Amino acid sequence: MADLLELADANIFEVRAYRNASHAVDVSAVEMYEIVERQGKKELEKISGIGESIADNIAELIYTGKLKKLDQLKKKIPRVQVQMLAVPGLGPKLTKKLYAILKPKTLTDLKRKLKDPQYLPKLAKILLLKKTVDKILTGIAVLQSASSRMLLSEALPLAESIVAQLKRLPEVKEVKYAGSLRRGKETIGDIDLVAKIQDKIQISNFKSQSLSRAKLINHNSNLKIIKYFLELTRPKQILAQGESKATVINNDGAQIDLEIMPGNEWGSLLHHFTGSKEHNIQMRAYAEKKGLSFSEHGFKKLKIKNPKLKTITKNLKLINKILIYCETEEKVFKTLGLQYIPPDLREGTNEIQLAIAKKIPKLLEPSDMRGDLQMHSNYSDGKNTILAMAESAKAMGYEYICISDHSAGLGITGGIGGNNYQKYLAEIKNANQKIRGLHIFSGIEVNIKSDGALDQPDDLLKKFDVVLGAVHNSLGQEKEQMTARIVKALSHPLVKILVHPSGRLIDKRPEIQVDWRAIFQTAQKNKKILEINACPKRLDLKDIYIRKAKNLGAKFAISTDAHSARQLDFMKYGILTARRGWLVKQDVINVLPLAGLKKLFDIK
Ligand SMILES: [Zn+2]
């Protein structure tokens, strides 16, 4: 909104008011609609940075889903300028300048012009460095690929519910979600489901008569399954509907595919649909080395390029026939003499080589987790009380949690600083006494200022069991400066965990530019813990960084950053991300029993 006002040359004070408000909304992390629903619009005005007219705007947006003022503004401004604002790395000032000299009609047009050398002198005139141009181009690419993908937290519950419903049909022997969802990727294109009818087809009985009968039974079950699938997904659009598959777009715009397969090909088909593409290509190449051709239907003998053989039709028939059916995925790997590779690792990096050497690790499991080390209470911007958070955590079977409300530096109501920490610590102590069988660590999420200093004095930080450091502002700093900033914070003796290290919001805010190797090495050397933030909008650190940091000897905490008791459930997304980063139990600190963790944190 503020950006649009700036584009429309509005009064600078109005622009600033909207920008402050938007910052307040961003850092608040309690959803605005929750505040309005629970406490009414007036409550919004208590948030610093939000005045009456902006509170009205927010309420209008929540109740009507629209904002008149915004719609009017958008009409005034060329459409492409509005789109340009959504590009990560493109602010209103640059948008204006770029629009003035390039006059792009669409984002794609802008992309083309930025790459075209004939515009270089013009770009140089507004002092646009090559680096900035590259940043904008990456931003456009991120934006253009983002819109069609779902967050893991959107795709997983949807897929799980369809799977549960399909399982109720007696014709369905097994059903699973495959694809990138099964591999636990942070965003999902479409949801691929595979269902199995019949456990096994008796191949030896495939005389013409029984074959047609088997086909007929299959045909009827398939039709029933497809019909049910179409009912339960309530599609907005049916893209394809066939004998054994269907593709729909549901009301939320999610594409869901269902493929039905006979039991004796289940393992190879499930493997095929799980991917990744790179992994599958490498598996086929490895099979070839072993004289086999591998497809979703199973293994065949590799065609021999001997011209003499071609004349013998009988032999050719044998070659074209599936030699080995794989009823299970385990059999696929076993046939090739490979150790089983969990879906999370099938990205075509070096998993096949490691499986040959039998060096695939036993990955972290949800049941390994004994606690959650980052969450917020209603003391600052969370929804529930400290005690309520603790009770929910206890019900999940945890042994401990860390309540880690924000420090005051961010301007959040209830932020800890000055003298109010005593009340906060007393509330934690109180909750600790009331609840049995769960220990609450007192924590503070302290802001790492742009120069790497912490926003609270050591004397205050010393009162807490766990100090969690995070960067929240000046996220666009140059790489060197940002690296020095975080290295400095990781050298502070009181900081124990670096939380949401890259600062990204998936598809919304790019990660900070930083020398990750230096960060990970410093963390390892200074015995600081790196967080894997399990909030599905963040998933930060991300998978490839986790693996890098692990290889440099770093240790991790997987934490939800929950702002309500319900969000404690985010842990599963953090675990999936950790598994994609090849983490085992020993890499993670919140699998330790309470005594072990106290020792690690040096708490008596
Ligand atoms: Zn934070």
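pLDDT is the predictor's confidence in each residue, on a scale from 0 to 100. The structure above is a predicted model, so that score is a good place to start. The protein averages a pLDDT of 87, and 87% of the residues score at least 70. Two stretches deserve caution. Residues 201–209 fall below 50, and beyond near neighbours in sequence this stretch has 6 contacts in the model. Residues 310–314 are also below 50, with 1 contact beyond near neighbours in sequence. Where pLDDT is low, the predicted coordinates should not be read in detail.

Let us begin the tour with a sheet of 5 strands. This sheet is open, with mixed pairing and the order β2-β4-β7-β6-β5. At its edges stand β2 (172–177) and β5 (237–241); each has a single partner strand, so one side of each is left without a neighbour in the sheet. On average, neighbouring strands here are turned by 15° against each other, direction ignored. Within the sheet, β4 (residues 191–197) and β7 (residues 255–262) are joined by 7 bridges in the parallel sense. One position to look for is Val 194, whose bridge partner in β7 is Glu 259. Two helices can be found against these strands. Helix α11 lies across β2, β4 and β7, running at about 20° to β4. Helix α14 (residues 266–274) also packs on the sheet and touches β2, β4 and β7, but its direction makes about 180° with that of β4.

Next comes a sheet of 7 strands, again open, with parallel pairing and the order β11-β12-β13-β14-β15-β16-β17. Its edge strands are β11 and β17 (555–559), each pairing on one side only. Strands β14 (residues 466–470) and β15 (residues 495–498) run parallel and are joined by 3 bridges; in this pair, Val 467 stands opposite Val 495.

Helix α26 (residues 571–580) packs on this sheet, where it touches β11, β16 (529–533) and β17, and its direction makes about 150° with that of β17. How many residues of α26 are buried? The count is 9 of the 10, so this helix is largely enclosed by the rest of the structure. Among the buried ones are Met 571, Tyr 573, Ile 575 and Leu 576, along with Arg 579 and Arg 580. Their cover includes α11, β11, β16, α25 (543–551) and β17. After α26 comes Trp 582, with a positive phi near 65°.

Helix α20 (residues 386–395) offers another view of burial: Ile 386, Met 389, Ala 390, Ser 392 and Ala 393 are buried. These residues lie on the same side of α20, because they cover an arc of only 165° around the axis. The general background is that an α-helix has 3.6 residues a turn, so residues three or four places apart point the same way. The buried residues of α20 pack against β11 (371–372), β12 (400–406), α21 (421–434) and β13 (439–447). Gly 397 follows this helix, and its phi is positive, near 90°.

Finally, look at the nonpolar interior. In the largest nonpolar core, which has 110 residues, those touching the most other members are Ile 191, Leu 193, Ile 401, Phe 556 and Ile 558. Helix α11 (residues 152–166) gives this core its largest share, 7 residues. Phe 556 has contacts that include Ile 529, Leu 530, Ile 532 and Ala 578, not counting residues up to four places away in sequence. A second, separate core of 10 residues includes Val 15, Ala 21, Leu 44 and Ile 50.

Note on methods
Residues are numbered from 1 along each chain as its sequence is written. This is a predicted model: local features need pLDDT of at least 70, side-chain atom pairs count only at pLDDT 80 or more; totals for chains, interfaces and linings use all residues. A residue is buried if 20 or more other C-beta atoms lie within 10 Å of its own, exposed if 12 or fewer, and partly exposed in between; C-beta atoms are placed from the backbone. Helices (H or I, at least four residues) and strands (E, at least two) are DSSP runs, numbered from the N terminus. The arc is that of the directions from the helix axis to the C-beta atoms. Two residues are in contact if their C-beta atoms, placed from the backbone, lie within 7 Å. Two strands pair if DSSP finds at least two bridges between them. Axes are lines fitted to C-alpha atoms, for helices over the stretch in contact, and angles run from 0 to 180 degrees between N-to-C directions. A nonpolar core is a set of buried Ala, Val, Leu, Ile, Met, Phe, Trp, Tyr and Cys residues joined through C-beta atoms within 7 Å.
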